[in-house]
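Colleague: Please show me the model. I would like to ask what the words used for it rest on.

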Amino acid sequence: MSSNKKKFTPVQQEYQELAKKHEPKRPIFINCLKAFLVGGLICIIGQCVEEMFVHWAGFDEKKASNPTVAVMIILSIVLTSLGVYDKIAQWAGAGSAVPVTGFANTMSSAAIEHRSEGLVLGVGGKMFKISGPVIVFGVVAAFVVGIVHLIFNPHAVGGGH
């Protein structure tokens with residue numbers, strides 16, 4: 001029977017067991033609850049921003065989505081630059097990685113961290129080093145979903161004629 005586990009020497013095995021005994025237990029339920037609460041709160045804030053555009057600026061729901069995303073990105077960047085978003089992320093874990101705000105946080109924190117290296121190689125280079133794979137896989141995923149949609153719903157192309 002072959003195993004994917006790395007073969008350790010007896011001393012390494014003993015160390016692994018000792019380390020495992022002293023490893024603090026992770027409060028999985030509490031971590032999930034924190035992620036759920038913060039992720040939900042970010043989504044509620046986004047929904048409130050969209051409702052403000054609908055009720056006070058005269059947008060319909062579809063047209064309110066673009067400025068809502070822009071406001072959420074700006075909020076994320078401001079909170080990142082003030083060091084607040086990172087504290088939220090430390091407490092909430094994955095809950096702060098809600099796509100729009102998490103992505104904006106990732107890009108802006110890389111830009112802030114590497115600004116001393118210059119605009120092109122520092123800010124631009126490091127910012128897109130982190131976000132590039134997300135963009136590439138997002139485009140590839142959208143292409144695959146589009147092809148699957150075309151295969152299973154060919155009449156949807158061309159406005160449904």
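Modeller: One term comes first: a helix here is a DSSP run of H or I with at least four residues, and helices are numbered from the N terminus. Ser96 lies in the loop between α4 and α5, where α5 covers residues 99-113. The model itself is predicted.

Colleague: How do you know how confident the predictor was in the protein?

Modeller: From pLDDT, which runs from 0 to 100. The protein averages 86, and 94% of the residues score at least 70. Helix α2, residues 28-56, has the highest confidence, with a mean of 95. The lowest is in helix α1, residues 10-22, with a mean of 83. Where pLDDT is low, the predicted coordinates should not be read in detail.

Colleague: Why is Ser96 called buried?

Modeller: Buried means a relative accessible area under 20%. Ser96 is at 6%, so Ser96 counts as buried.

Colleague: What makes the pair of Ser96 and Gly93 a polar contact?

Modeller: The pair must be N or O atoms within 3.5 Å. A polar atom of the Ser96 side chain lies 3.0 Å from the backbone oxygen of Gly93, so the distance is inside that limit.

Colleague: Which backbone oxygen does the side chain of Thr68 reach?

Modeller: That of Ala64, at 2.6 Å, which is also within the 3.5 Å limit. Thr68 lies in helix α3. Its relative accessible area is 7%, under the 20% cut-off, so Thr68 is buried.

Colleague: Why is Gly122 called buried?

Modeller: Gly122, in helix α6, has 0% relative accessibility, which is under 20%, so Gly122 counts as buried. Its C-alpha is 27 Å from that of Gly93, with the two positions 29 residues apart along the chain.

Colleague: Why is Met52 called partly exposed?

Modeller: Partly exposed covers what lies between buried, under 20%, and exposed, over 50%. Met52, in helix α2, has a relative accessible area of 39%, so Met52 is partly exposed.

Colleague: What puts Pro154 in its class?

Modeller: Pro154 is in the segment after α6, the helix of residues 119-152. Its relative accessible area is 46%, which is not over 50%, so Pro154 is partly exposed. In space, Pro154 and Phe36 are 38 Å apart, C-alpha to C-alpha.

Colleague: Why is α1 said to lie largely in the open?

Modeller: Of its 13 residues, the number buried is zero, so α1 lies largely in the open. From its first C-alpha to its last, α1 reaches 19 Å, close to the 18 Å expected at 1.5 Å a residue.

Colleague: How do you know which residues line the largest pocket?

Modeller: A lining residue has an atom within 4 Å of a pocket point. Among those of the largest pocket are Val38, Leu41, Met72, Leu79, Tyr85 and Thr101. The elements that give two or more residues to this lining are α2, α3 (61-81) and α4 (84-92). The pocket has a volume of about 190 Å³.

Colleague: What is the lining by class?

Modeller: Nine residues are nonpolar, two are polar and none is charged. Tyr counts as nonpolar, so Tyr85, one of the lining residues, goes in the nonpolar class.

Notes
Residues are numbered from 1 along each chain as its sequence is written. This is a predicted model: local features need pLDDT of at least 70, side-chain atom pairs count only at pLDDT 80 or more; totals for chains, interfaces and linings use all residues. Side-chain values use heavy atoms; hydrogens and water are left out. On a 1 Å grid over the protein atoms alone, a cavity is a set of points where a 1.4 Å probe fits but cannot get out, and a pocket is an open set with protein on both sides within 12 Å along at least five of seven lines; lining residues have an atom within 4 Å of a point. Grid points are joined across faces, edges and corners, and a volume is the space filled by probe spheres set on the points. The expected span of a helix is 1.5 Å times one less than its number of residues. Buried means under 20% relative accessible area, exposed over 50%, partly exposed in between (1.4 Å probe, protein chains only). A polar contact is a pair of N or O atoms within 3.5 Å; within protein, one must be able to donate a hydrogen and the other to accept it, and residues adjacent in sequence count only if both atoms are side-chain atoms.
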